[in-house]
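Hi everyone, thanks for coming. I'd like to walk you through a structure that will be new to most of you, so let me put it up on the screen.

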Amino acid sequence: MVSTTRKPVGIIVATVIILATVAYLAVTSIGSTKQYYVTIAELQGMGNKAYTRHLRVAGNVAPGSIHRSGMSVNFALMEQGKLLQVAYQGSEPPPDTFKDDAQALAVGTYGHDGVFHATELQAKCASKYAPADKKPDVAATTAAVMPGTR
């Protein structure tokens, strides 16, 4: 007669090894994909921590700072009077809404050279979604409703 007690032990050992491997891969990959959202002021005050983390920084594109070179773009982000130089080099070209004064979000790492090296770039045109600044002309509205009042 053949002993059947070895099969369950082998299955249990294989299951434990597989679960341990999956858990290890999950824990190590979470650390590498974390992205911290920071303001420009926070980034500039982080010290050495800024160089080791994957970060997200938002601000308005400084007017006249956009310099394109193929798929790469160098520009400056402004937020509350602080400037941050950004060098974007990603797999996709910058979005069409990426223009002067547009709100932009850069994802990447901060370099020892003082430049934020972005691999992802998102932008939206602030003026497209802002309400119109025009106030209604009360005199023109009154004249249109009540002819002969002017």
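I'll start with the overall layout, then go through some strands, some ring pairs and a couple of other spots.

First, a caution: what you're looking at is a predicted model. The protein chain has 4 helices and 7 strands. If you read along the sequence, they come in the pattern α-β-α-β-β-β-β-β-β-α-α. Of the 150 residues in the chain, 23% are buried. As for the surface, the chain exposes about 10,700 Å², and carbon and sulfur atoms supply 59% of that. One more number for the overview: take the contacts with a separation of 6 or more, and residues 24 or more positions apart account for 46% of them.

Now let's look at strand β6, residues 103-110. Is this strand mostly covered or mostly open? Mostly covered: 6 of its 8 residues are buried. And which strands does β6 pair with? On one hand there's β2, antiparallel, over 6 bridges. If you want a landmark there, find Arg56, whose bridge partner in β6 is Val107. On the other hand there's β7, residues 115-124, also antiparallel, over 8 bridges. Here the landmark is Leu105, standing opposite Gln122 in β7. β6 and β7 form a hairpin, with 4 residues between them. Zoom in on the turn and you'll find Gly114, with a positive phi of about 85°.

Okay, on to the aromatic rings. How many aromatic pairs does a search of the whole structure turn up? It finds 2. Take Tyr51 and Tyr110: their ring centres are 5.8 Å apart and their planes sit at just 5°, under the 30 degrees cut-off, so this pair counts as stacked. The pair links distant parts of the chain, 59 residues apart. Tyr51 is in the loop between α2 and β2, while Tyr110 belongs to β6, the strand we were just looking at. Their surroundings are worth a look too: Tyr51 is partly exposed, at 28% relative accessible area, whereas Tyr110 counts as buried, at 13%.

Then we have Phe75 and Phe98. Those ring centres are 4.8 Å apart, and with the planes at 70°, over the 60 degrees cut-off, the pair is edge-to-face. Phe75 lies in strand β4 and Phe98 in the loop between β5 and β6, so the pair ties together parts that are 23 residues apart in sequence. Both of these phenylalanines are buried.

Next, a spot in a loop: Ala62, between β2 and β3. Why do we call it buried? Because its relative accessible area is 7%, and anything under 20% counts as buried. What does Ala62 touch, leaving aside residues up to four places away in sequence? Ala76, Met78, Leu83 and Asp100. You can also compare its position with Gln103: the two are 41 residues apart along the chain, and their C-alpha atoms are separated by 9.8 Å.

Last stop, the surface. Val9, Val13 and Ile17 form a nonpolar patch there, with about 260 Å² of accessible area together. Val13 lies in helix α1, which covers residues 6-33. At 44% relative accessibility, Val13 counts as partly exposed.

That's my tour, so let's take questions.

Note on methods:
Residues are numbered from 1 along each chain as its sequence is written. This is a predicted model: local features need pLDDT of at least 70, side-chain atom pairs count only at pLDDT 80 or more; totals for chains, interfaces and linings use all residues. Side-chain values use heavy atoms; hydrogens and water are left out. Rings of Phe, Tyr and Trp (its six-membered ring) pair if their centres lie within 6.5 Å; planes under 30 degrees apart count as stacked, over 60 as edge-to-face and the rest as tilted. Helices (H or I, at least four residues) and strands (E, at least two) are DSSP runs, numbered from the N terminus. Buried means under 20% relative accessible area, exposed over 50%, partly exposed in between (1.4 Å probe, protein chains only). Patches are made of residues with over 30% relative accessible area and no salt bridge: like charges are joined within 9 Å, nonpolar side chains (Val, Leu, Ile, Met, Phe, Trp, Tyr) within 5 Å. Accessible areas come from the Shrake-Rupley method with a 1.4 Å probe; for residues, only the protein chains shown count as cover. A salt bridge is a side-chain nitrogen of Lys or Arg within 4 Å of a carboxyl oxygen of Asp or Glu. Two strands pair if DSSP finds at least two bridges between them. Contact means heavy atoms within 4.5 Å.
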